[in-house]
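Visitor: I would like a close look at one single part of this model, taken slowly and with its surroundings explained. Please choose a good place to begin and build the picture outward from there.

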Amino acid sequence: MDRPVNSELPLYEQIKTVIDRRIETEEWPANFQVPSEGDLAGEFGASRLTVRRALRELQADGLLVRIQGRGTFVIGPRMQCAIFSLPDITEEISFSGGAHTCRVLQHAILGKDSPGRNMLQLPPEDVVFFSRLIHLEDGTPIQLEDRYVNGAEAPGYIEQDFTNVTPHNWLLRETTVTTIDNTIRAIRADEDVRNYLQIDGNQPCLLLDRSTWRDGIPVTRSRFIYPGDRYRLRSTHEARTNRILSMPGKGR
């Protein structure tokens, strides 16, 4: 098996990484029919359920499509655009002429059995901090922030008062980061999030999922949720398409 470097990840994540690499390098080009779950299970030494989970998540990520009665296929291009920097929420609100305030909903050390620890994929003995904050512009909720922090990389994090300084600004001063990964997508918020953001069930939201590392060591994992009608993301950058958009069985 063409295994990824980080073999400590769950097997389904390893399978996802290998398949994603095959698609990225066009070993599996656009319209390529993915081998059956049984064949992949044999290749990776995994159960069919494990392979099914990996394929399902790759479909959710927009890399694969399953066509009933035909199989699973590589979709093809993704427009890749590099968002070089996203400002702190206080800067965004200030730029628009508003006044920023913050409510701290939770600020704690996660227990060893907390599912949230999986967000950083750290050993059970490592300390993980978690904060949930609501950022408001002129009293109106504009961002729900869930942030997981590697305690070894930011030991003073738990002592901070985030009504006076944002986690973004504090971490910018106190930690070293070498890699940042941003994923942005539209979501339907669950009931708790809707209540925090004061929106109804028909209101779409924007989710920014950000992970940071220092030389391969996880530093933070953050999820920022914005009400769709209260936030606009803008970035100036170069974009490239590395895959051609097509559907299996269709002409290009």
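Guide: Let us begin with one pair of residues: Arg147 has Ser222, a residue of strand S9, as its bridge partner. Please keep in mind that this is a predicted model, and that the pair belongs to the pairing of S6 with S9, in which the two strands run antiparallel and are joined by six bridges. As general background, strands of a sheet pair through backbone hydrogen bonds, in either a parallel or an antiparallel manner.

Strand S6 also pairs with S5, again in the antiparallel sense, and here there are 10 bridges, with Ile134 placed opposite Leu144 of S6. The two strands S5 and S6 make a hairpin that has two residues between them, and in that turn Asp138 has a positive phi of about 50 degrees. If you ask how covered S6 is, the answer is that 10 of its 11 residues are buried, so the strand is mostly covered.

Stepping back, we can place these strands in the sheet, which is open, has six strands in the order S4-S5-S6-S9-S8-S7, and pairs them antiparallel. Its edges are S4, covering residues 100-109, and S7, covering 179-188, each of which pairs on one side only. From one strand to the next, the twist averages 15 degrees.

At the S7 edge, S7 and S8 (residues 204-214) run antiparallel and are joined by 10 bridges, and Thr183 lies opposite Asp209 of S8. A helix also packs on this sheet: H5, made of residues 167-174, touches S5 (128-137), S6 (140-150), S8 and S9 (217-227), and the direction of H5 makes about 35 degrees with that of S6. In this way our starting strand, S6, has pairing contacts with S5 and with S9, while H5 is in touch with S6 as well.

Finally, the setting of this part is a protein chain with six helices and 10 strands, in which buried residues make up 40% of the 252 residues. Among contacts between residues at least 6 apart in sequence, 61% join residues at least 24 apart.

Methods: Residues are numbered from 1 along each chain as its sequence is written. This is a predicted model: local features need pLDDT of at least 70, side-chain atom pairs count only at pLDDT 80 or more; totals for chains, interfaces and linings use all residues. Side-chain values use heavy atoms; hydrogens and water are left out. Helices (H or I, at least four residues) and strands (E, at least two) are DSSP runs, numbered from the N terminus. Buried means under 20% relative accessible area, exposed over 50%, partly exposed in between (1.4 Å probe, protein chains only). Contact means heavy atoms within 4.5 Å. Two strands pair if DSSP finds at least two bridges between them. Axes are lines fitted to C-alpha atoms, for helices over the stretch in contact, and angles run from 0 to 180 degrees between N-to-C directions.
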